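Hi,

Here's the structure I promised to pass on. Have a look at it first, and my notes on the cysteines follow underneath.

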Amino acid sequence: QLQLVESGGGLVQPGGSLRLSCAASGFTLDYYAIGWFRQAPGKEREGVSCSSISGGSTQYADSVKGRFTISRDNAKNTVYLQMNSLKPEDTAVYYCAAFFGVGYLPCTVALYERGTWGQGTQVTVSS
């Protein structure tokens, strides 16, 4: 059974940092593009950052560029999202998703909803 499990969320003050992890089981991430998405209360789910299979190509939403970094450790079958300089507007449930595909893939919910999703982890940025 293909499964993704996120961890690392929590409560952090503005300006703080968190590192989210997304561990895969039942399949290897080597052949999957990975995306991080988030959904704030009352808002649609949106793409935050995506990584190609090799990790050589990454995409970021404009709102997180320069603050968030996506990385992957295929040996550990895990993907990470390092989040620095967090802002209250980053508060959301964060999800990781895997999509079996090669080449350029848009970092969109419309694409990844055809893949495998985790259950989400809550990130709250508040003083």
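**Notes on the disulfides**

C22 is buried, and C96 is buried too (buried means under 20% relative accessible area, exposed over 50% and partly exposed in between, with a 1.4 Å probe and protein chains only). Before the rest, some housekeeping: this is a predicted model, where local features need pLDDT of at least 70 and side-chain atom pairs count only at pLDDT 80 or more, while totals for chains, interfaces and linings use all residues. Residues are numbered from 1 along each chain as its sequence is written, and side-chain values use heavy atoms, with hydrogens and water left out.

So how many disulfides does a search of the whole structure find? It turns up 2, counting a disulfide as a pair of cysteine sulfur atoms within 2.5 Å.

One of them joins C22 to C96, with S to S at 2.0 Å. C22 sits in strand β3 (residues 18-25) and C96 in strand β9 (residues 92-100), so this pair ties together parts that are 74 residues apart in sequence. (Helices, H or I of at least four residues, and strands, E of at least two, are DSSP runs numbered from the N terminus.) The torsion about the S-S bond of C22 and C96 is about 70°, so that disulfide is right-handed.

Another disulfide joins C50 to C107, again with S to S at 2.0 Å. This pair links distant parts of the chain, 57 residues apart: C50 is in strand β5 (residues 46-51), and C107 is in the loop between β9 and α1 (109-112). Here the torsion about the S-S bond of C50 and C107 is about 75°, so this disulfide is right-handed. Both C50 and C107 are buried.

Number the bonded cysteines of the protein in sequence order and the pairing reads 1-3, 2-4.

Cheers
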